[in-house]
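Please open the structure in the viewer and keep the selection panel at hand. The tour proceeds by selections, each followed by a description of what is found there.

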Amino acid sequence: GSPAGAVELDAAAISVDAVDVAGLATLLDDAGFVGGTERLFSRALPGRRRTLARALVFETAQGAQLYLRWLASHVEDVIGEAELRLALAPVESLFVHEPNPCCHNETRVILAMWQDGATVLTLEIGGQSARADAVTQLASRLDEAV
């Protein structure tokens, strides 16, 4: 798809993912969050798809693990109610939010997350053509790029 420019992320930008913004800001501070970056990729044909790739760096692998545990337990804050699915390497956790059939504008959203040392990598994929079977290939490409 078409890539947007990379965006630098600080703790304030990451904290808005949470319902409890102050709580996540405190966790990021406790975890030794250093900084991060995200890049958005979009595709219109065939089928709309939006992919948000993030790399978040912490002082230690333990700090990255603390954030990863928070994210896995607060998926509903990020993508809504979701089901945990089987993940293939490098992805550690894969969550899928299925659209409500009553809302024709809602689409499937997938959140994949994994850790590489002191770095947490995530992919959020949404849109008409978002498919869980595409995650492994996209995750591998992101993992190699970082």
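**Strand β6 and the loop before it**

Begin by selecting Ser93: leaving aside neighbours within four places in sequence, Ser93 is in contact with Leu84, Ala87, Leu111, Ala112 and Met113. The model is a predicted one. Ser93 belongs to strand β6. Is Ser93 buried or exposed? Its relative accessible area is 18%, and because the cut-off for buried is under 20%, Ser93 counts as buried.

Next, select Ala89 and Pro90 and display the backbone. The peptide bond that joins Ala89 and Pro90 is cis, with omega at about 10°. Pro90 is placed in the loop between β5 (83-85) and β6. For context, most peptide bonds are trans.

**Helix α5**

Select residues 135-145, which form helix α5. Which residues of α5 are buried? They are Val135, Leu138, Ala139 and Leu142. These residues cover an arc of only 100° around the axis, so they lie on the same side of α5. Now rotate the view to the face of α5 turned away from the buried side, where the exposed residues Gln137, Arg141 and Glu144 are found. To see what covers the buried residues, add the strands to the display: the cover includes β4 (49-58), β6 (93-97), β7 (109-116) and β8 (119-126).

**Helix α2**

Move to residues 21-30, helix α2. Its buried residues are Leu24, Leu27 and Leu28. They span an arc of only 100° around the axis, which means that they sit on the same side of α2. The face of α2 turned away from this buried side carries Ala22, Asp29 and Asp30, which are exposed. Among the elements that cover the buried residues of α2 are α1 (11-15), β3 (33-43), β4 and α3.

Then select Gly32, just after α2, and inspect its backbone torsions: phi is positive, at about 75°.

**The packing of α2 and α3**

Keep α2 selected and add helix α3, residues 61-73. At what angle do the two helices pack? The angle is about 155°, and the axes are 9 Å apart. Angles over 145 degrees count as roughly antiparallel, and α2 and α3 are therefore roughly antiparallel to each other. Their crossing is right-handed.

Show the side chains at the contact. From α2, Leu24, Leu27 and Leu28 meet Leu66, Tyr67 and Trp70 of α3. The residues of this contact comprise six nonpolar, no polar and no charged. The three leucines of α2 in this contact, Leu24, Leu27 and Leu28, were encountered above as the buried residues of the helix.

**Gly117**

Select Gly117, in the loop between β7 and β8. Gly117 counts as partly exposed, at 38% relative accessibility. Not counting residues up to four places away in sequence, Gly117 touches Ala61 and Ala64. For a distance check, pick the C-alpha atoms of Gly117 and Thr37: they are separated by 16 Å, and the two residues are 80 residues apart along the chain.

**Arg50 in strand β4**

Finish with Arg50, which lies in strand β4. With a relative accessible area of 36%, Arg50 is partly exposed. Which residues does Arg50 touch, not counting those up to four places away in sequence? They are Leu40, Phe41, Ser42, Glu124, Ile125 and Gly126. A last distance to draw is that between the C-alpha atoms of Arg50 and Leu71, which are separated by 20 Å; these two residues are 21 residues apart along the chain.

Conventions
Residues numbered from 1 in each chain as written. Predicted model: local features only at pLDDT ≥ 70, side-chain atom pairs only at ≥ 80, totals over all residues. Heavy atoms only, no water. Axes fitted to C-alpha atoms, helices over the stretch in contact; angles between N-to-C directions. Helix = DSSP H or I, 4+ residues; strand = E, 2+ residues; numbered from the N terminus. Parallel < 35°, antiparallel > 145°, perpendicular 65-115°, else oblique. Left-handed = near helix turned anticlockwise from the far one by under 90°. Contact = heavy atoms within 4.5 Å. Nonpolar A, V, L, I, M, F, W, Y, C, P; charged D, E, K, R; others polar. Buried < 20%, exposed > 50% of the residue type's maximum accessible area, 1.4 Å probe, protein only. Arc of directions from axis to C-beta.
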